[in-house]
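I opened the notebook today to look up a few places in the structure, taking helix packing, burial and backbone angles in turn. The entries follow in the order in which I looked.

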Amino acid sequence: MLAIQMALTAPLWGHGHFFPQIPLWAAWNHPTIAVGEMVVIVLSGAGILWILAAFLQKFRQSPRTGILERLLWGVTGVALLTAMLDNQHRIQAWAVQFLLYAVCFSLLRPAMQIHWLRWITISIYFFSAVSKLDASFLNSHGQTMLDGILQLARIDADLPPALRSGIALSIPAFELLTAFLLLWSRTRRIGWYCSLLMHSALILVLGPFGLNHHLPVLIWNFFFILQNSLLFGRGADIVAADAGSCSDWSWNAATYARIVLTGCLLFPVSEWFNVGDVWPSWGLYASRGAKVNFYLRESALEKIPRELQAHCFRTAEYPEYVRVDLYRWSFAETNAPPYPEDRFLIGVSSVTIRKYDLESDFVLVHHGTASRWSGQRSVTMLDDFSELQSFSDRFWFNASQGTLNDPVARPDPF
């Protein structure tokens, strides 16, 4: 599944695409080193060796092949983490999930792996549901998903606002119910059925007959259907029964892994206090996070390449400016959505401004995190580059340094 997702978003993991690359730390910025390509080579080699080791393990039952598999999973985890440090754009939610799985597969016994993989899955459902229990989701993404459901069911979308909000609220409520049902052995099978129903419904709503979202989202939901059938079935219960006591915390590799995984399971709580990032906190389809709108003076369009001009459009808010659609630009160049953090989007805007000498031709509007109960946001407008740099200093991680390659020449279709 990791190979499929990376193949579908292949430009993102390279170095030559025409979209700003923002490392997690400013000091990491090194435009001449193709870290992404090296990571892909390492992951490809690890994948091939892992397949060979799996075949040897099956036919020869050699303990050395098991050690090799765990080592290769460790290499996979380090490679993924390096790719994310090199470009925040690569911190896709599914990539974070596989990074946690690499920790499990490399450092834990199979019986303990079952327990921790279950906990990770339940935490994804729990925090994803909680992230959508707010006014912002009910009025934005919740309504979009509701329209997809009504469109698929061929039901008239002209419903009373109260009813629409109630139906939209049922989406995270069902996800939260699924998380709780998966917690206990007596209700786990019902929770498994609920998860299968939820992901099947999402594939229908987000698929080509509904909202027509991009393919990696559908693949990820299909992955959960397959994964949960392995994690929460009777076969997994038999393996998990061999885990033994979880109270053994002697200082070894498994203990360090459990400490890291426990921290990762609790990390999403920090997003409730506007500290943690949305995607590593499993804020899937959440809409409370801060937003960034990037505008350029229309007279300055001649300074930017036509590949970027294609993602600019006029708005009523600023008649003399055009808005740069960072989401369309990201999808067009990397086949993936941009990392939904204001820190990253400000960095993308700053790098673009410096690249094309637009210091006096931009307006950046920052909409702060929405109130959970009212949906209200603070708004800050920046049109001076020095003020933008000062504003970027408020973030813990890099929000100003990065690289932007020149667009790759594409043949004229005519």
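**Entry 1, a serine.** I began with Ser330, which counts as buried because its relative accessibility is 0%, where buried means under 20% relative accessible area, exposed over 50% and partly exposed in between, with a 1.4 Å probe and protein chains only. Before going further I noted that this is a predicted model, in which local features need pLDDT of at least 70 and side-chain atom pairs count only at pLDDT 80 or more, while totals for chains, interfaces and linings use all residues. I also noted that residues are numbered from 1 along each chain as its sequence is written, and that side-chain values use heavy atoms, with hydrogens and water left out.

Ser330 sits in helix H14; helices here are DSSP runs (H or I, at least four residues), as are strands (E, at least two), and both are numbered from the N terminus. I looked for a polar partner and found that a polar atom of the Ser330 side chain lies 2.6 Å from the backbone oxygen of Ala336. A polar contact is a pair of N or O atoms within 3.5 Å; within protein, one must be able to donate a hydrogen and the other to accept it, and residues adjacent in sequence count only if both atoms are side-chain atoms. With neighbours within four places in sequence left aside, Ser330 is in contact (heavy atoms within 4.5 Å) with Phe19, His89, Asn335, Ala336, Pro337 and Pro338.

**Entry 2, the helix around that serine.** Which residues of helix H14 are buried? For H14, residues 326–334, I listed Leu326, Trp329, Ser330, Glu333 and Thr334 as the buried ones. They lie on the same side of H14, because they cover an arc of only 100° around the axis, the arc being that of the directions from the helix axis to the C-beta atoms. These buried residues pack against strand E1 (291–297), helix H13 (306–309), strand E3 (321–324) and helix H15 (342–355).

I then checked both ends of H14. At its start, a side-chain oxygen of Asp325 comes to within 3.1 Å of the backbone nitrogen of Tyr327. After H14 comes Asn335, with a positive phi near 60°, although Asn335 is not a glycine. Asn335 belongs to the loop between H14 and H15 and is partly exposed, at a relative accessible area of 35%.

**Entry 3, a phenylalanine and a tryptophan.** In helix H15 I looked up Phe344, which counts as buried at 0% relative accessibility. Not counting residues up to four places away in sequence, Phe344 touches Phe19, Pro20, Ile22, Asn87, Gln88, His89, Pro338 and Tyr339.

I also noted Trp282, which has a positive phi of about 60° without being a glycine. Trp282 is placed in the loop between helix H12 (253–266) and E1, and is buried, with a relative accessible area of 1%.

**Entry 4, helix H7 and its two partners.** At what angle do H7 and H8 pack? Helix H7 (residues 141–153) packs with helix H8 (residues 161–183) at about 95°, their axes 9 Å apart; axes are lines fitted to C-alpha atoms, for helices over the stretch in contact, and angles run from 0 to 180 degrees between N-to-C directions. H7 and H8 are therefore roughly perpendicular to each other, on a scale where angles under 35 degrees count as roughly parallel, over 145 as roughly antiparallel, 65 to 115 as roughly perpendicular and the rest as oblique. From H7, Gly142, Gln143, Met145, Leu146, Asp147, Ile149 and Leu150 meet Arg164, Ser165, Ile167, Ala168 and Ile171 in H8.

On the H8 side I looked further at Ile171, which is buried, with a relative accessible area of 19%. Ile171 is in contact with Met145 and Ile149, leaving aside neighbours within four places in sequence. Ile171 and Gly142, though 29 residues apart in sequence, are 7.9 Å apart in space, C-alpha to C-alpha.

With helix H9 (residues 188–206), H7 packs at about 85°, the axes again 9 Å apart. Here the contact is made by Met145, Gly148, Ile149 and Leu152 of H7 with Leu202, Leu204 and Val205 of H9.

My last note is on Ala153 in helix H7, which is partly exposed, with a relative accessible area of 43%.
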